Amino acid sequence: MTNTFSRQVLPTPEALRPWVTGIGSVSVGAGSAEPYVQLPDTATTVVFRVGENGRRSTLVVGPRTRASYHHGKRFTSCLEMRLAPGTTRPLLGVPAVELVGRMVPLDELAAAPARRLARELRDLEPEEVVPHLARSFPDLSGAADRSRTALVTAGADALSMRTGRVPGPVRDVARELAVSERQLRNLFAEGVGLSPKHYARINRVRAVLAQADDVPWAQLAATTGYYDQSHMTTDFRTLMGVPPRSFFTGRLPAARPCRAALAGR
C-alpha cells in the first residue's frame with residue numbers, strides 16, 4: 001500500500017514574521033512501507049497535529065543535529081510553524097538548547113508561556129491556528145530581549161548559505177557582530193540550540209541537498225564552500241548517515257518506526 005503525501009507552503013501573516021520563518025501544511029493518507037527522512041534542521045518547530053481518530057495535539061520539535069529515517073506515519077495532517085532564531089524562549093519560556101533532539105507535547109513543557117499557548121490551541125480547528133497566533137504572538141514582544149534576538153538573527157543570517165555567498169568562519173562572524181566567539185556560542189545555545197559551527201554545517205548540507213540534482217559533485221562542493229568534494233562527502237555522511245551518492249540513489253539507513261508526527265521533512 002502506498003501513502004498519499006502532500007506538502008503546502010502557507011503564507012506567513014505580517015504580524016508573525018518577527019517570530020516565524022515559515023508555515024507549512026502536511027497531509028498524509030494511509031501508512032506506507034517507504035521510509036521518509038527527517039533532515040538535520042536548525043529550527044525549533046511547533047506542530048499542530050490531527051490524528052487519524054480526529055484527536056488534536058500540539059508538539060514542539062527541537063533542532064535535529066543529524067538525519068533520521070522512519071516508516072509508519074501515524075497522522076492525517078499537521079500544521080508546522082518554524083520559529084525564528086532567538087524566539088524560542090520568549091514564545092515558549094525555555095531556551096532552544098533544552099529542546100535539541102526532542103519532540104515534546106507543548107503542554108508538557110514546564111514553562112508558563114508554553115502551557116498557556118497549549119491551552120489556547122487545544123480547542124481550535126486547524127484553519128483557526130494561524131489567525132489566532134497572528135493576534136496573540138505580537139502581545140509577547142515585551143518578553144523578548146530585542147538586542148540579543150537581533151544578534152542571534154544577524155549571526156544566523158551570516159552563517160547561512162545565500163545565492164552567490166558562502167558563510168565565513170565563526171571567528172569572522174563574531175568579529176562582525178562585535179562579540180567574542182564565546183558570547184556568540186552562548187547566544188546560539190539559548191536562541192538556536194546549536195553551536196554556531198554546527199548551525200553552519202547543517203545549513204551547508206541542506207544547501208547540498210537542495211542543489212544536488214542540478215550541479216556536478218565537484219562543482220557543488222565548491223559552490224557550497226567546501227575545500228573539495230572529499231570534505232563535502234565526509235560532512236554529508238556525518239550528518240545524513242550515508243554519503244551523497246548513496247542518499248540520492250535511495251541506499252538509505254534502516255528506517256525506524258515513527259512514534260509521532262512528521263515535522264520538518
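**Cavity, pocket and helix 7 in a predicted model**

The residues that line the largest cavity divide into eight nonpolar, no polar and no charged. This description rests on a predicted model, in which the chain has 265 residues, 48% of them buried. The secondary structure comes to ten helices and nine strands, and the points below take up the cavity, the largest pocket, helix 7 and two single residues.

**The chain as a whole**

- When contacts between residues at least 6 apart in sequence are considered, 69% of them join residues that lie at least 24 apart.
- The chain has an accessible surface of about 13,200 Å², and carbon and sulfur atoms account for 49% of that surface.

**The largest cavity**

- The count of cavities of 30 Å³ or more comes to one, and the volume of the largest cavity is about 50 Å³.
- Its lining is formed by Val46, Phe48, Leu79, Met81, Leu121, Val129, Val130 and Leu133, and by class this lining has eight nonpolar residues, with no polar and no charged ones, because Val, Phe, Leu and Met all count as nonpolar.
- At least two lining residues of the largest cavity come from each of strand 4 (45-50), strand 7 and helix 3 (126-136), and helix 3 supplies the largest share, with three residues.

**The largest pocket**

- The largest pocket holds about 510 Å³ of space; it is lined by 27 residues, of which Thr42, Arg82, Ser160, Tyr199 and Asn203 are the closest to its centre.
- Two or more lining residues of this pocket are given by each of strand 7 (77-83), helix 4 (146-158) and helix 7 (196-211), and the most come from helix 7, which gives seven.
- By class, twelve residues of the pocket lining are nonpolar, ten are polar and five are charged.
- Strand 7 therefore appears in both linings, since it is among the elements that give two or more residues to the largest pocket and among those that supply at least two to the largest cavity, where strands are DSSP runs numbered from the N terminus.

**Helix 7**

- Helix 7 has 16 residues, and the distance from its first C-alpha to its last is 23 Å, close to the 22 Å expected at 1.5 Å a residue.
- The buried residues in helix 7 are Pro196, His198, Tyr199, Ala200, Ile202, Asn203, Arg204, Val205, Ala207, Val208 and Leu209; two of these, Tyr199 and Asn203, are also among the lining residues closest to the centre of the largest pocket.
- The cover over the buried residues of helix 7 includes helix 4, helix 5 (170-177), helix 6 (181-191), helix 8 (217-223), helix 9 (229-240) and helix 10 (244-248).

**Two single residues**

- Thr88 is found in helix 1, which covers residues 88-92, and because its relative accessible area of 2% falls under the 20% cut-off, Thr88 counts as buried.
- With its neighbours within four places in sequence left aside, Thr88 is in contact with Thr44, Leu83, Gly93, Val94, Pro95, Ala96, Leu99 and Gly191.
- Asp228 is found in the loop between helix 8 and helix 9, and it counts as partly exposed because its relative accessibility of 29% lies between the cut-offs of 20% and 50%.
- From C-alpha to C-alpha, Asp228 and Ala218 are 6.9 Å apart in space, while in sequence these two residues are ten residues apart.

Methods: Residues numbered from 1 in each chain as written. Predicted model: local features only at pLDDT ≥ 70, side-chain atom pairs only at ≥ 80, totals over all residues. Heavy atoms only, no water. 1 Å grid on protein atoms, 1.4 Å probe; cavity = no way out; pocket = protein on both sides within 12 Å on 5 of 7 lines; lining within 4 Å. Points joined across faces, edges and corners; volume = space filled by probe spheres on them. Helix = DSSP H or I, 4+ residues; strand = E, 2+ residues; numbered from the N terminus. Expected span 1.5 Å × (residues − 1). Buried < 20%, exposed > 50% of the residue type's maximum accessible area, 1.4 Å probe, protein only. Contact = heavy atoms within 4.5 Å. Areas by Shrake-Rupley, 256 points an atom, 1.4 Å probe, with all protein chains shown as cover.
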